[in-house]
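Me: I'm new to reading protein models and would love some help with strands, helices and charged pairs. Can we go through one together?

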Amino acid sequence: MSAPDTTTDVPDEVRARHTELCQELDDHSYRYYLGNPVVSDAEYDALMAELRGIEESYPVLVTQDSPTQKVGAPISVDFAAVEHLVRMESLGNAFDMEELTTWADRANAEVPVTGYLCELKIDGLAVDLVYERGRLVRAATRGDGRVGEDITLNVRTISVVPERLDESVRPAPELLEVRGEVFLPVEDFGRLNERITASGHPPFANPRNAAAGSLRQKDPRVTATRPLSMIMHGVGAYVPAGGAQGGEDVAFTSQSQAYRLLGEWGLPLSDRYKVVKTMDEVRDYVAHYAANRHEPPYEIDGIVVKVDDFALQRRLGSTSRAPRWAIAYKYPPEEVTTRLLDIKVGVGRTGRVTPYGVMEPVVVAGSEVEFATLHNAREVERKGVLIGDTVVLRKAGDVIPEIVAPVVERRDGSERAFVMPELCPECGTALGQQKEGDVDLRCPNARSCPGQLRERLFFIASRRALDIEALGYVAATALTQPLEPARPPLRDEGDLFDLTVDKLLPIRTYVLDPDTSEPKTDPKTGEPKVVSFFANKKGEPKKTVEKLFEQLEEAKSKPLWRVLVALSIRHVGPRAAEDLSRHFRSLEAIREADEEELAAVDGIGPTIAASIREWFSVDWHNEIVRKWAEAGVRMEDEDDGSRPRHLEGVTVVVTGSLEGHTRDGAKEAIAERGGRATSSVSKKTSFVVVGDSPGSKYDKAVKLGVPVLDEAGFGVLLEEGPEAASAKRINPVPEDAE
């Protein structure tokens with residue numbers, strides 16, 4: 001069926017929707033350009049996709065003014081308009097591997113592609129720089145692709161942008177137009193927002209908006225206070241240096257060769273781009289940064305893939321909007337907008353009472369999200385979030401979703417402020433600060449607060465602690481907050497190993513949502529869901545009961561560091577627990593050590609030492625230890641001399657999947673021999689052990705010259721020690737090594 005080609009073929013409702021979408025997209029583009037968007041990238045992309053679909057069905061609607069034919073936003077009158085020497089094109093998008101493959105197949109059908117350049121798509125602001133005889137004469141925003149805004153004075157405040165090109169290697173060209181992305185490093189974003197909100201202004205929603213807002217300051221002195229940076233990603237107009245000046249004519253033959261020349265002239269470049277020959281290698285690059293999206297110091301929203309050879313680029317050409325020789329592979333969005341329905345509070349295992357947002361469900365980073373953290377009451381106030389706001393929601397990787405900022409422009413006056421409760425929502429105890437000046441409010445009823453006990457019990461069962469899989473969140477709730485007539489079988493976690501089948505069978509409990517600690521409702525009746533968690537319909541123990549007791553028995557033989565973690569001593573996580581266990585060898589020795597002895601242990605320090613002494617000063621805490629010991633829980637790491645301690649002073653990082661060890665098992669094997677297992681690679685790392693799909697830690701180890709071992713080499717390290725393992729390294733010894 002052919003597409004309609006006359007105006008009379010377009011239904012009125014389609015024409016109206018087309019007009020509506022054009023106006024809406026133009027408005028969103030302008031707000032995005034000003035650094036003040038009111039929709040997420042995903043929402044914008046969905047509207048653009050709808051518009052393209054209409055125009056594909058009704059080509060007569062396509063005009064030069066359509067958002068599908070334009071690049072960027074209209075130009076503000078606040079800055080002088082300047083015309084780019086060569087048009088700045090936008091990129092087409094691929095949202096999955098099939099679309100990326102289709103783009104590559106189409107390019108290869110036209111020209112024999114010999115190589116691709118892959119680089120990170122930085123989430124910043126595109127800027128065009130012009131150098132004449134090596135001197136920066138102009139900087140401009142992208143604008144509509146042909147005309148941008150003159151921001152030269154502001155760009156000159158960016159420290160990585162040279163005023164003059166470096167001519168120590170080769171003469172500067174007569175004319176060089178170069179494009180790049182201005183961005184705000186993630187690390188600096190939080191500090192900038194703290195400074196801005198302290199002065200009474202609303203925070204930026206994300207680093208991209210902060211970069212855009214900083215570049216468009218009318219006073220360059222304000223821009224100079226913002227820690228902006230820039231990375232180059234393309235070349236526009238170019239006239240090489242003349243022979244009369246003693247220079248040489250250099251023609252750009254490829255994207256990668258252009259990058260080498262730009263680097264010689266001192267322009268800032270990424271060290272993460274890669275030239276590859278095949279699409280399989282392109283897919284590997286895309287997959288690597290999908291798994292390590294937060295490894296770069298700046299935010300990225302995808303990967304840009306370009307045909308590397310400039311001659312092939314010219315043969316492939318461009319559409320009215322985008323080049324055919326390049327495409328942007330977009331990762332699932334990590335920021336979306338949604339409605340904040342309410343702000344409630346939850347109680348953690350240490351008594352900390354934390355506000356969290358209840359939102360209209362929305363998909364972000366590939367999963368549906370309904371709840372997000374707000375940290376504390378001061379953070380709610382700092383972010384200026386009101387109940388009823390449209391908010392920017394962010395989910396970075398596997399991190400808990402976070403409300404970033406409100407979209408103030410969408411307020412209608414119905415929003416209301418959040419008021420932090422004065423009483424614990426779980427037990428009714430008055431909330432207070434643990435110490436003066438603490439930003440967090442806590443419930444001081446540590447032993448008897450059912451919410452705190454539930455969270456501590458659930459934590460004991462986690463993989464970080466005693467790893468009791470059968471003791472999930474609902475089971476932890478059943479053991480601490482059963483419905484009448486049963487009484488809680490646990491007064492505190494000290495009773496965990498004294499459980500019996502008879503204590504479990506009568507228990508009935510609500511099914512709680514793990515994100516909110518509130519009962520789930522039955523969709524049919526609207527009533528809270530109630531379950532007999534440990535008994536079946538006949539009143540007999542479920543199979544999970546047998547599994548629970550088996551795993552409780554296994555937990556008794558876990559190493560000392562896991563027991564320490566399970567006690568929920570503030571600041572004592574797995575790494576500190578391993579350091580303490582390695583040094584003292586028993587829980588009794590840790591309890592008897594004074595604060596000075598504890599602080600002297602490598603990796604501990606005064607804060608953790610004080611927290612340990614404070615924990616053991618509480619009578620019921622010591623009662624937990626006594627009950628666990630009497631139940632047979634392992635309270636010391638025995639050293640019978642059968643296992644060598646030849647990894648004393650050795651630091652090992654394990655990355656990737658090993659066939660013969662789980663990640664935790666490998667760490668325990670290292671600790672049992674006196675070594676230290678850490679998660680980050682540095683010059684102080686002794687060995688990096690790699691399995692399948694090791695990722696960036698392997699790359700960093702090679703770069704730093706740290707010995708890398710495969711699984712066989714790891715076996716040598718465990719059995720024979722570091723000297724023998726050094727001979728099994730799979731990466732070369734650095735030339736400057738002694």
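Me: Which residue in strand 17 is the bridge partner of Val 353?
Reply: The general idea is that strands of a sheet pair through backbone hydrogen bonds, either parallel or antiparallel. Here, Val 353 has Leu 441 as its bridge partner in strand 17. Strand 13 (residues 352-364) is joined to strand 17 (residues 441-442) by two bridges, and the two run antiparallel. Strands here are DSSP runs of E with at least two residues, helices are runs of H or I with at least four residues, and both are numbered from the N terminus. Two strands pair if DSSP finds at least two bridges between them.

Me: And how far should I trust this?
Reply: Keep in mind that this is a predicted model, where local features need pLDDT of at least 70, side-chain atom pairs count only at pLDDT 80 or more, and totals for chains, interfaces and linings use all residues. Residues are numbered from 1 along each chain as its sequence is written, and side-chain values use heavy atoms, with hydrogens and water left out.

Me: How many bridges join strand 12 to strand 13?
Reply: Seven, and the two strands run antiparallel. They form a hairpin with four residues between them, and Gly 351 in the turn has a positive phi of about 90 degrees. Val 347 has Val 353 as its bridge partner in strand 13, while Lys 344 stands opposite Tyr 356.

Me: Which other strands pair with these two?
Reply: Strand 13 also pairs with strand 14 (residues 367-373), antiparallel, over six bridges. In that pairing Gly 357 stands opposite Ala 372. Strand 12 (residues 335-347) pairs with strand 15 (residues 390-394), again in the antiparallel sense, over five bridges. There, Val 336 has Leu 393 as its bridge partner.

Me: What is the order of the strands in the open sheet with mixed pairing?
Reply: The order is 2-11-10-3-9, so read it like neighbours along a row: five strands in an open sheet. Strand 2 (93-94) and strand 9 (274-276) stand at the edges with a single partner strand each, so one side of each has no neighbour in the sheet. Further in, strand 3 (residues 116-122) and strand 10 (residues 300-307) pair in the antiparallel sense over seven bridges, and Ile 122 has Ile 300 as its bridge partner. Helix 9 (residues 279-291) packs on this sheet, touching strand 3, strand 9, strand 10 and strand 11. Its direction makes about 20 degrees with that of strand 3.

Me: What does an all-parallel pairing look like?
Reply: Try the open sheet of four strands in the order 21-20-22-23, where the pairing is parallel. Its edge strands are strand 21 (676-678) and strand 23 (708-709), each pairing on one side only. Strand 20 (residues 651-655) pairs with strand 21 over three bridges, and Val 652 has Ala 677 as its bridge partner.

Me: How do I describe two helices that pack together?
Reply: Two packed helices are described by the angle between their axes and the distance between the axes. Axes are lines fitted to C-alpha atoms, for helices over the stretch in contact, and angles run from 0 to 180 degrees between N-to-C directions. The axes of helix 12 (residues 450-460) and helix 13 (residues 473-480) come within 9 Å and cross at roughly 135 degrees. That makes helix 12 oblique to helix 13 (under 35 degrees counts as roughly parallel, over 145 as roughly antiparallel, 65 to 115 as roughly perpendicular and the rest as oblique).

Me: Which residues of these two helices meet?
Reply: Among them are Leu 453, Leu 457 and Phe 458 in helix 12, and Tyr 473, Ala 476 and Leu 479 in helix 13. Contact means heavy atoms within 4.5 Å.

Me: How many salt bridges does the structure hold?
Reply: Side chains of opposite charge can pair when their charged atoms come close. The structure holds 43 salt bridges (a side-chain nitrogen of Lys or Arg within 4 Å of a carboxyl oxygen of Asp or Glu). One of them joins Asp 45 and Lys 330, with the closest N and O atoms 3.7 Å apart. This pair links distant parts of the chain: Asp 45 is in helix 2 (residues 41-57) and Lys 330 in strand 11 (residues 326-330), 285 residues apart.
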